[in-house]
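The following paragraphs lead the reader through the structure shown below. The account begins with a single contact between side chains and then widens to the interface and its symmetry.

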Protein chains: 2
Amino acid sequence: MDPAAKKLALRAINYGLHILTSTNGTEYGAGGVNWISQASFDPPLVMAAVKADSGSAAIIGETGTFAVNVLGADQLDIGKAFFRSTSVEGDQINGHGFEAGPETGAPLLTETAYWFECRVTDTVARGDHTVYVAEVVNAGVRDESVTPLVLRDTGMNYGG
Amino acid sequence: MDPAAKKLALRAINYGLHILTSTNGTEYGAGGVNWISQASFDPPLVMAAVKADSGSAAIIGETGTFAVNVLGADQLDIGKAFFRSTSVEGDQINGHGFEAGPETGAPLLTETAYWFECRVTDTVARGDHTVYVAEVVNAGVRDESVTPLVLRDTGMNYGG
């Protein structure tokens, strides 16, 4: 396999950008994640790949829950705040307001328009990211006029 | 959970559109699939969710292999040709030219710019779509100037 072709072909997959959050009640995980997709209508499942050695993966492994906050087209700045380590002060996580998800406690960013909470059903720990297949157990929309961000449009990518 | 909120929140995830193909040497599967994402850099893994009762899932279950052809921004017409049952005549599949993938035999569409071949490592058969985690074993680029299609831009969606 030609490594350059592999990189280009895998970067051809289009993604949004999401803040994937978790908590065990004491520690918090929150990171920008693009490797997310729905995986079933009934039951409603998603699949997400999270860096295996991350704090988020440790918390999800412990709690079996996480939340996904979908960034809008003009919210790359929020995404960038979650490309670094997680810091919670009061009702702010990495400088952005949040509230606890009703089902999981995972942080829901109050600035993002769409969110869902997930309970892990299956875990595939094979690569440098762990795949979680998870049932969507709660969801909300703060502003349905918001168009979700397309990662390619930002000039950034994560893949290849 | 509010079903309307669940639908809107899950439809907020952005996707491309891909033709996912497979063959056991006799039968062929080929369908438009958006629920695809990378899942690891090393080894290079992807995750794809394929309708559990489809011919493609039957073939992938048998062979453990498939290929992904990434549609370009102006190739929705090709996508639509794969929203129906699969038909192979000579070197055409659903009316579009293909060649056999070198590693898997799965059809590679000659009109699409980016492709990769995959070997399944893990299967999660939980919902109405089956999740395949698969290693990318071969990849190619026919035209790196092509911008991949964003499903939302077509006005179509599959999710919710």
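In this predicted model, a salt bridge links the side chains of A:D122 and B:R126, with a distance of 2.4 Å from N to O. Between chain B and chain A, the count of salt bridges is 2. Polar contacts add to this picture: 18 residue pairs between chain B and chain A are in polar contact, with both residues at pLDDT 80 or more.

Several elements of chain B supply at least two residues each to the side that touches chain A, namely α1 (3-11), β3 (36-40), β4 (45-51), β10 (114-124) and β11 (129-141). Of these, β11(B) gives the largest share of that side, with 9 residues. Sorted by class, the side of chain B that touches chain A comprises 34 nonpolar, 14 polar and 7 charged residues.

The extent of the interface may be considered next. The size of an interface is often given as the accessible area lost when the parts come together. Here, the area buried between chain B and chain A is about 4,600 Å², and carbon and sulfur atoms give 70% of that area. In terms of residues, chain B brings 55 to the contact and chain A brings 55.

How are the two chains related? Two copies of a chain are related by a rotation about an axis and a shift along it. In this model, a turn of 180 degrees with a shift of 0.0 Å along the axis lays chain B on chain A, with an RMSD of 0.0 Å. This is therefore the relation of a two-fold axis. Within chain B, the C-alpha nearest the axis belongs to B:Y15 and lies 2.7 Å from the axis. Both copies use the same surface, since 100% of the contact residues of chain B recur in chain A.

Aromatic residues also deserve attention. Over all chains, a search of the whole structure finds 10 aromatic pairs. One of them is formed by A:Y158 and B:F41, which are arranged edge-to-face at 5.1 Å centre to centre, with 80 degrees between the planes. This pair crosses between chains: A:Y158 belongs to the segment after β11 (129-141) of chain A, whereas B:F41 lies in the loop between β3 and β4 of chain B.

The backbone is the final topic. Most residues other than glycine have a negative phi, and most peptide bonds are trans. In chain B, however, a cis peptide bond joins B:D42 and B:P43, with omega about 0 degrees, and B:P43 is placed in the loop between β3 and β4 of chain B. In chain A, A:D42 and A:P43 are likewise joined by a cis peptide bond, with omega about 0 degrees; A:P43 is found in the loop between β3 (36-40) and β4 (45-51) of chain A. A:N94, a residue other than glycine, has a positive phi near 50 degrees. The place of A:N94 is the loop between β7 (92-93) and β8 (96-100) of chain A.

How values were computed: Residues numbered from 1 in each chain as written. Chains lettered and ligands numbered in written order. Heavy atoms only, no water. Contact = heavy atoms within 4.5 Å. Buried area = accessible area lost by both parts, 1.4 Å probe. Salt bridge = Lys/Arg side-chain N within 4 Å of Asp/Glu carboxyl O. Polar contact = N/O pair within 3.5 Å; in protein donor to acceptor, adjacent residues only side chain to side chain. Helix = DSSP H or I, 4+ residues; strand = E, 2+ residues; numbered from the N terminus. Nonpolar A, V, L, I, M, F, W, Y, C, P; charged D, E, K, R; others polar. Least-squares fit on C-alpha atoms with pLDDT ≥ 70 in both. Phe/Tyr/Trp six-rings, centres within 6.5 Å; stacked < 30°, edge-to-face > 60°.
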